[in-house]
Amino acid sequence: MLMKRLKRILADAYLGIIFLLMYAPIATLMVLSFNSSKSRAKWGGFTLDWYQKLLDSPEIMEALMNTLSIAFFSALIATVIGTLACIAINRMRKSTKGLFLALNNIPLLNGDIVTGISMMLVFIAFGITFGYGSILIAHTTFNIPYVVLSVLPRLRQTNRSTYEAAMDLGAAPVQAFVKVVLPELFPGILSGFLMAFTMSLDDFIITHFTKGAGINTLSTLIYSEVRRGIQPTMYALSTIMFIAALVLLALAGRPKRKKEAV
């Protein structure tokens, strides 16, 4: 009994240390976002000035909008292309399917710097202007494999007989897919979209190599700030993003109420 209690205490302590190492830096950042002093070692009093300056900064707001819009549109396009690719891969022969899955996994194993430089060289070769469009194309490209990995397992679990039954009952192929197959694929599609959105939101290296002059995302803006010294407005921005992610996770993990039987 004593040994079980000791093991439980050690396990709790171990988990506590892990969570402390994970969240202590974030907690420090959040506290500093309310510090009136620019010094990271001295508390100058509570203030909301950094949040006000954040909202008043056109440079940061533009970078934030670029980051969110690129993440959303690249994830959306990658989800559509990736889902269609899954349907095509699923209908292939086993040997061909294995080849395409291997090709799909190569970008995941590649370093981001390899993908970033490769995309940059492709844009130069085809005369594509660096800017918002080049970042969007690059993000869409590296997001597609993540969507395929999320949607394909779900597609394999679907029952093909339901699709064929819908066709036998008079539905057109597109109508049968939308009404029968798509609802079953939706959890995988949503998972792929969220994964692609998160990867795009977090990316720096590929964005750095494919962005043009005069355009920034949050990652490239923060990188440029590091060389000059990070301003406390970045602490405020990071705090807002962390709280937003926390709220989304709480909403996503909220248990659904079961419908009461009539």
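Trainee: Where is isoleucine 18 found?
Mentor: Isoleucine 18 sits in helix 1, which covers residues 2-32. Keep in mind that this is a predicted model.

Trainee: Is isoleucine 18 buried, partly exposed or exposed?
Mentor: Its relative accessibility is 30%, so isoleucine 18 counts as partly exposed.

Trainee: How far apart are isoleucine 18 and serine 74 in space?
Mentor: They are 34 Å apart, C-alpha to C-alpha, with their positions 56 residues apart in sequence.

Trainee: And how far is phenylalanine 242 from methionine 30?
Mentor: In sequence, phenylalanine 242 and methionine 30 are 212 residues apart; in space, their C-alpha atoms are 9.2 Å apart.

Trainee: Which helix holds phenylalanine 242?
Mentor: Helix 11, residues 232-252.

Trainee: What does phenylalanine 242 touch, leaving aside neighbours within four places in sequence?
Mentor: Phenylalanine 242 is in contact with Tyr23, Ile26 and Met30. Phenylalanine 242 is partly exposed, because its relative accessibility is 24% and buried means under 20%.

Trainee: Change of topic. How do helix 3 and helix 6 pack?
Mentor: Helix 3 (residues 58-90) and helix 6 (residues 132-157) pack at an angle of about 45°, and their axes are 5 Å apart. The two helices are therefore oblique to each other.

Trainee: Is that crossing left-handed or right-handed?
Mentor: The crossing of helix 3 and helix 6 is right-handed. By class, their contact has 19 nonpolar residues, ten polar and one charged.

Trainee: Staying with helix 3, is asparagine 66 buried or exposed?
Mentor: Asparagine 66, which lies in helix 3, has a relative accessible area of 11%, so it is buried. Leaving aside neighbours within four places in sequence, asparagine 66 is in contact with Tyr132, Ile215 and Asn216.

Trainee: What about helix 7 and helix 8, at what angle do they pack?
Mentor: About 150°, with the axes 9 Å apart; helix 7 is residues 160-168 and helix 8 is residues 173-202. Helix 7 passes helix 8 in a right-handed crossing.

Trainee: Which residues make that contact?
Mentor: Helix 7 brings Thr162, Tyr163, Ala166 and Met167, and helix 8 brings Pro173, Ala176, Phe177, Val180, Val181 and Glu184. Sorted by class, the contact of helix 7 with helix 8 has eight nonpolar residues, one polar and one charged.

Trainee: Next, helix 10. Which of its residues are buried?
Mentor: In helix 10, residues 218-228, the buried ones are Leu218, Ser219, Thr220, Leu221, Ser224 and Glu225.

Trainee: What phi does glycine 229 take, just after helix 10?
Mentor: A positive phi of about 110°.

Trainee: Last thing, confidence. What pLDDT does the chain average?
Mentor: The average is 84, and 95% of the residues score at least 70.

Trainee: Where does pLDDT stay under 50?
Mentor: Over residues 258-262, and the model has zero contacts for that stretch beyond four places in sequence. Where pLDDT is low, the predicted coordinates should not be read in detail.

Notes. Residues are numbered from 1 along each chain as its sequence is written. This is a predicted model: local features need pLDDT of at least 70, side-chain atom pairs count only at pLDDT 80 or more; totals for chains, interfaces and linings use all residues. Side-chain values use heavy atoms; hydrogens and water are left out. Axes are lines fitted to C-alpha atoms, for helices over the stretch in contact, and angles run from 0 to 180 degrees between N-to-C directions. Helices (H or I, at least four residues) and strands (E, at least two) are DSSP runs, numbered from the N terminus. Angles under 35 degrees count as roughly parallel, over 145 as roughly antiparallel, 65 to 115 as roughly perpendicular and the rest as oblique. A crossing is left-handed if the near helix is turned anticlockwise from the far one by less than a right angle, and right-handed if clockwise. Ala, Val, Leu, Ile, Met, Phe, Trp, Tyr, Cys and Pro count as nonpolar, Asp, Glu, Lys and Arg as charged, and the others, Gly among them, as polar. Buried means under 20% relative accessible area, exposed over 50%, partly exposed in between (1.4 Å probe, protein chains only). Contact means heavy atoms within 4.5 Å. pLDDT is the predictor's confidence in each residue, from 0 to 100.
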